[in-house]
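Reader: Hey, I've got a protein model open and I'm not sure how to read it. Can we go through it together?
Author: Sure, let's take a look.

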Amino acid sequence: MNDPLDLRVLVLLLAGAFVVYIAYFHPAAGVALLVGAGVVTFLYMLLGPGNGGPPSN
């Protein structure tokens with residue numbers, strides 16, 4: 001693995017831990033964060049490589 005990928009994995013793990021922490025103590029906010037993450041993921045996949053999205057490496 002190269003350095004940028006390692007940094008991205010670390011950021012994703014930290015973001016996931018933060019969302020789990022918020023969802024545990026504040027369930028309503030956790031649901032809202034989960035829906036937001038789902039929408040962003042769906043849009044990223046929809047606009048992925050070949051559809052005008054981020055270039056593939």
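**Chatting through the model**

Author: Let's start with Leu-46: its relative accessible area is 46%, so Leu-46 counts as partly exposed. Keep in mind that this is a predicted model.

Reader: Ok, and which helix does Leu-46 lie in?
Author: That's helix H2, which covers residues 27-46.

Reader: What kind of surface patch is Leu-46 part of?
Author: A nonpolar one, made up of Val-31, Val-35, Val-39, Phe-42, Leu-43, Leu-46 and Leu-47. Together they have about 640 Å² of accessible area.

Reader: Zooming out, how many helices and strands does the protein chain have?
Author: There are 2 helices and 0 strands.

Reader: And how much of the chain counts as buried?
Author: Just 5% of the 57 residues. The chain exposes about 4900 Å², and 77% of that comes from carbon and sulfur atoms.

Reader: New topic: rings! How many aromatic pairs are there?
Author: The count is 2 aromatic pairs. One of them is Tyr-24 with Phe-25, an edge-to-face pair with 5.0 Å centre to centre and 85° between the planes.

Reader: Why does that one count as edge-to-face?
Author: Because the planes are 85° apart, and over 60 degrees counts as edge-to-face.

Reader: Are those two rings buried or exposed?
Author: Tyr-24 is exposed, at 64% relative accessible area, while Phe-25 is partly exposed, at 48%.

Reader: Which residues do the ring pairs link into a cluster?
Author: Tyr-21, Tyr-24 and Phe-25.

How values were computed. Residues numbered from 1 in each chain as written. Predicted model: local features only at pLDDT ≥ 70, side-chain atom pairs only at ≥ 80, totals over all residues. Heavy atoms only, no water. Patch = residues over 30% accessible without salt bridge, like charges linked within 9 Å, V, L, I, M, F, W, Y side chains within 5 Å. Areas by Shrake-Rupley, 256 points an atom, 1.4 Å probe, with all protein chains shown as cover. Salt bridge = Lys/Arg side-chain N within 4 Å of Asp/Glu carboxyl O. Helix = DSSP H or I, 4+ residues; strand = E, 2+ residues; numbered from the N terminus. Buried < 20%, exposed > 50% of the residue type's maximum accessible area, 1.4 Å probe, protein only. Phe/Tyr/Trp six-rings, centres within 6.5 Å; stacked < 30°, edge-to-face > 60°.
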